[in-house]
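The following note is offered to a colleague who is beginning to read protein structures. Please keep the model in view while going through the points.

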Amino acid sequence: MDKVLVIIPAYNEKKSIGGVVRDVKTSLPEADVLVINDGSTDDTSGEARQYGAMVLELPCNMGLGVAVQSGLIFAQDRGYRFVARMDGDGQHRPTELRSLLAPLEKGEADMVVGSRFLKAVSVSELNEYKPSLARRIGIGLFSGLLSFLLGTRVTDPNSGLHAMNHKSISFFAKEYPPDYPEVEVRVMAHKAGLVIREIPSTMLHRTGGASSITSLKSVYIVLEMLTSTIVGMFRRTER
Amino acid sequence: MTHIQILAILASLLLMFLTVELIRRKYLEEKYALVWLLTCIFFLLCSINLEILSFLARLTGVLVPANFLFLLAFFFLVVICLSLTVVVSRESQRQRRLTQELSMLKFNLEEIKKRVGLGGGEGQKGSS
């Protein structure tokens with residue numbers, strides 16, 4: 001059996017993490033679940049353990065990228081073949097993990113990204129994710145930029161629903177962007193010659209906690225991501 | 001020797017004393033201290049011999065020697081700031097690595113403890 005690890009970076013997600021872990025265990029019983037507690041001040045770890053997840057504890061809040069990378073290091077260390085990454089706030093649907101992993105199992109891609117903007121055959125979710133105008137502009141900007149830079153169509157540059165095979169795991173365990181990593185990850189993967197595939201996914205509204213991004217900070221974040229994307233294109237990468 | 005000159009010499013000496021003292025107490029590492037010591041020496045030379053500054057100002061075409069000093073100080077501070085952010089970035093990279101190593105070690109330790117039957121086990125302490 002292929003060893004699959006589902007990693008869930010979580011910062012103060014006490015309310016939602018238990019449900020997420022439980023749903024992952026139901027949807028993908030053969031997988032191990034690892035919650036990376038990014039220095040939460042609430043009992044995220046206890047909640048996750050109660051529902052049967054393994055928990056990796058970061059002693060202080062280090063940021064999303066660092067948490068994800070910790071999960072990848074863990075996966076590499078323990079020889080997992082595939083890693084899927086999803087959010088701990090209940091916005092990603094665990095039922096989609098299987099289709100996320102499918103292209104990896106068939107050897108068609110090194111990395112799979114769940115895109116909110118690729119339309120699936122049936123869109124019937126009542127609770128479907130509708131980003132705000134500001135967010136849509138930001139997402140549009142980056143999907144345009146990335147599509148241009150990478151020469152392939154990128155529909156959802158900010159998606160945090162990822163799956164990786166061993167090749168991608170060992171590449172990203174070595175280096176992973178620490179803050180707002182999604183966009184830069186796409187650039188790095190492209191430069192490292194990893195085959196990326198986007199598949200349709202639906203995203204739900206968060207069930208608990210608050211978004212890590214506030215409106216005041218968002219302009220700075222966009223500029224920061226823009227810089228890292230463009231600089232990233234010129235950075236030397238070891239293959 | 002003018003009053004301002006004496007004041008400048010005293011200030012330079014004070015800065016130098018402070019730097020040496022910081023190194024002695026290990027508040028400042030030698031590799032960073034060298035820049036400051038050299039700066040102190042430059043200040044000291046400039047305040048002892050005013051001609052140095054006038055000469056440098058003439059050389060670069062700056063009309064007032066004092067302005068040359070300001071220009072120099074400005075550049076110096078910018079370079080220092082830049083190198084400090086480089087140091088901070090490098091340190092935070094190391095910190096990230098250490099955090100990740102630590103979390104892995106902790107996980108493995110808890111696992112071993114549980115296997116050996118040392119009790120405790122995961123999450124007894126909680127994180128709240």
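1. A term is needed before the sheet of chain A is described: two strands are said to pair if DSSP finds at least two bridges between them. The model discussed here is a predicted one.

2. With that term in hand, the sheet of chain A can be read across its strands. It is an open sheet of 7 strands, in the order E3-E2-E1-E4-E6-E5-E7, and the pairing is mixed. Strands E3 and E7 (196-200) of chain A stand at the edges; each has a single partner strand, so one side of each has no neighbour in the sheet. From one strand to the next, the twist averages 20 degrees.

3. One pairing within the sheet may serve as an example. Strands E4 (residues 82-85) and E6 (residues 162-164) of chain A run antiparallel and are joined by 3 bridges. Within this pairing, Arg85(A) stands opposite His162(A) of E6(A). The sheet also carries a helix: H3(A) packs on it and touches E1 (4-10), E2 (32-38), E3 and E4 of chain A. The direction of H3(A) makes about 155 degrees with that of E1(A).

4. Chain B should be described separately. Its elements comprise 4 helices and 0 strands, and from the N terminus on they run α-α-α-α.

5. The overall dimensions of chain B deserve attention. Its radius of gyration is 26 Å, whereas a compact globule of 128 residues would have a value near 14 Å. Taken along the principal axes, the C-alpha atoms of chain B fill a box of roughly 80 × 30 × 25 Å. Buried residues account for 6% of the 128 residues in chain B. Of the contacts in chain B between residues at least 6 apart in sequence, 35% join residues at least 24 apart.

6. Chain B is divided into two parts, namely domain 1 (1-48) and domain 2 (66-116). The C-alpha centres of these two domains of chain B lie 27 Å apart.

7. How many residues does each chain bring to the contact between chains A and B? Chain A provides 20 residues and chain B provides 13 residues. On the side of chain A that touches chain B, helix H2 (44-50), strand E3 (54-58) and helix H3 (64-77) each supply at least two residues. H3(A) gives the most, with 6 residues. The residues on this side of chain A divide into 9 nonpolar, 6 polar and 5 charged.

8. In reading the two chains together, the reader may note that H3(A) both packs on the sheet and contributes to the side of chain A that touches chain B.

Note on methods:
Residues are numbered from 1 along each chain as its sequence is written. Chains are lettered from A and ligands numbered from 1 in the order in which they are written. This is a predicted model: local features need pLDDT of at least 70, side-chain atom pairs count only at pLDDT 80 or more; totals for chains, interfaces and linings use all residues. The radius of gyration is taken over C-alpha atoms; the globule rule is 2.2 Å times the number of residues to the power 0.38. A residue is buried if 20 or more other C-beta atoms lie within 10 Å of its own, exposed if 12 or fewer, and partly exposed in between; C-beta atoms are placed from the backbone. Two residues are in contact if their C-beta atoms, placed from the backbone, lie within 7 Å. Domain bounds come from an automatic or database domain assignment. Ala, Val, Leu, Ile, Met, Phe, Trp, Tyr, Cys and Pro count as nonpolar, Asp, Glu, Lys and Arg as charged, and the others, Gly among them, as polar. Axes are lines fitted to C-alpha atoms, for helices over the stretch in contact, and angles run from 0 to 180 degrees between N-to-C directions.
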